[in-house]
Amino acid sequence: MDKAILVEKDIEEGRKVIEALKENGFPVNSAFWLYKSEPDEWRLTFASPLYDEQGPFKAYSFVQKVLSKFSPPLGIAVAETTVLSDKDELVEGLRRMDKQTPGILPNMRMRRSSINKRYVDDIYIYYATP
């Protein structure tokens, strides 16, 4: 994956990862691609209660296990993912946006925006559940 550019293939592969995680029992309450100008890369990001309940090591291990099942492998490595707490301020901000304007978030892209007082260079949002 070209780190600086998010293309349709990345979005579709991200969707496959999200579905596979959920099918394998990993609760994904929010999911999005988040671009960070430093270090100039996109990260497939999930918010999950598993992060708080069992810790980041277990959460990332689960993601790695699911990614390793894809054959042929997807263009997304565990190093290109981020697992967050459901209580993360960015996730809370996305939920607030969806609550204020129901249905606005699915498949939404925002550039150079502030979400819950946090600056975001670029974000593609799959969904954020309450």
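**Salt bridges and sheet packing**

At 9% relative accessibility, Asp122 counts as buried. That value, like the rest here, comes from a predicted model. Buried or not, Asp122 has a charged partner: a salt bridge ties Asp122 to Arg111, with 3.5 Å between the closest N and O atoms. The two residues sit in distant parts of the chain, Asp122 in strand β5 (residues 118-128) and Arg111 in strand β4 (residues 108-115), eleven residues apart.

Those two strands also pair with each other. β4 and β5 run antiparallel and are joined by seven bridges. To pick out one spot along the pair, Arg109 has Tyr124 in β5 as its bridge partner.

Zooming out, β4 and β5 belong to an open sheet of five strands, with mixed pairing and the order β3-β2-β1-β5-β4. At the edges stand β3 (81-84) and β4; each has a single partner strand, so one side of each is left without a neighbour in the sheet. On average, neighbouring strands of this sheet are turned by 30° against each other, direction ignored.

Helices lie against this sheet. Helix α3 (residues 56-68) lies across β2 (41-47) and β3, and runs at about 140° to β3. Helix α4 packs on the sheet too, touching β1 (30-36), β2, β3, β4 and β5, and its direction makes about 60° with that of β5.

Helix α4 (residues 89-100) has a salt bridge of its own. Here the side chains of Glu92 and Arg95 meet, at 4.0 Å from N to O. The two are three residues apart in the helix, about one turn. Their surroundings are not alike: Arg95 has a relative accessible area of 16% and is buried, because that is under the 20% cut-off, whereas Glu92, at 32%, counts as partly exposed. The link does not stop at this pair, as salt bridges with shared partners join Asp86, Glu92 and Arg95 into one network.

Another helix, α1 (residues 8-23), holds a further pair, Glu13 and Lys9, which lie four residues apart, about one turn of the helix. Their closest N and O atoms are 3.7 Å apart, and the two form a salt bridge. Glu13 is buried at 10% relative accessibility, while Lys9 is exposed, with a relative accessible area of 54%. Across the whole structure, the search turns up nine salt bridges; the pairs described above are among them.

Conventions:
Residues numbered from 1 in each chain as written. Predicted model: local features only at pLDDT ≥ 70, side-chain atom pairs only at ≥ 80, totals over all residues. Heavy atoms only, no water. Buried < 20%, exposed > 50% of the residue type's maximum accessible area, 1.4 Å probe, protein only. Pairing = 2+ DSSP bridges. Axes fitted to C-alpha atoms, helices over the stretch in contact; angles between N-to-C directions. Contact = heavy atoms within 4.5 Å.
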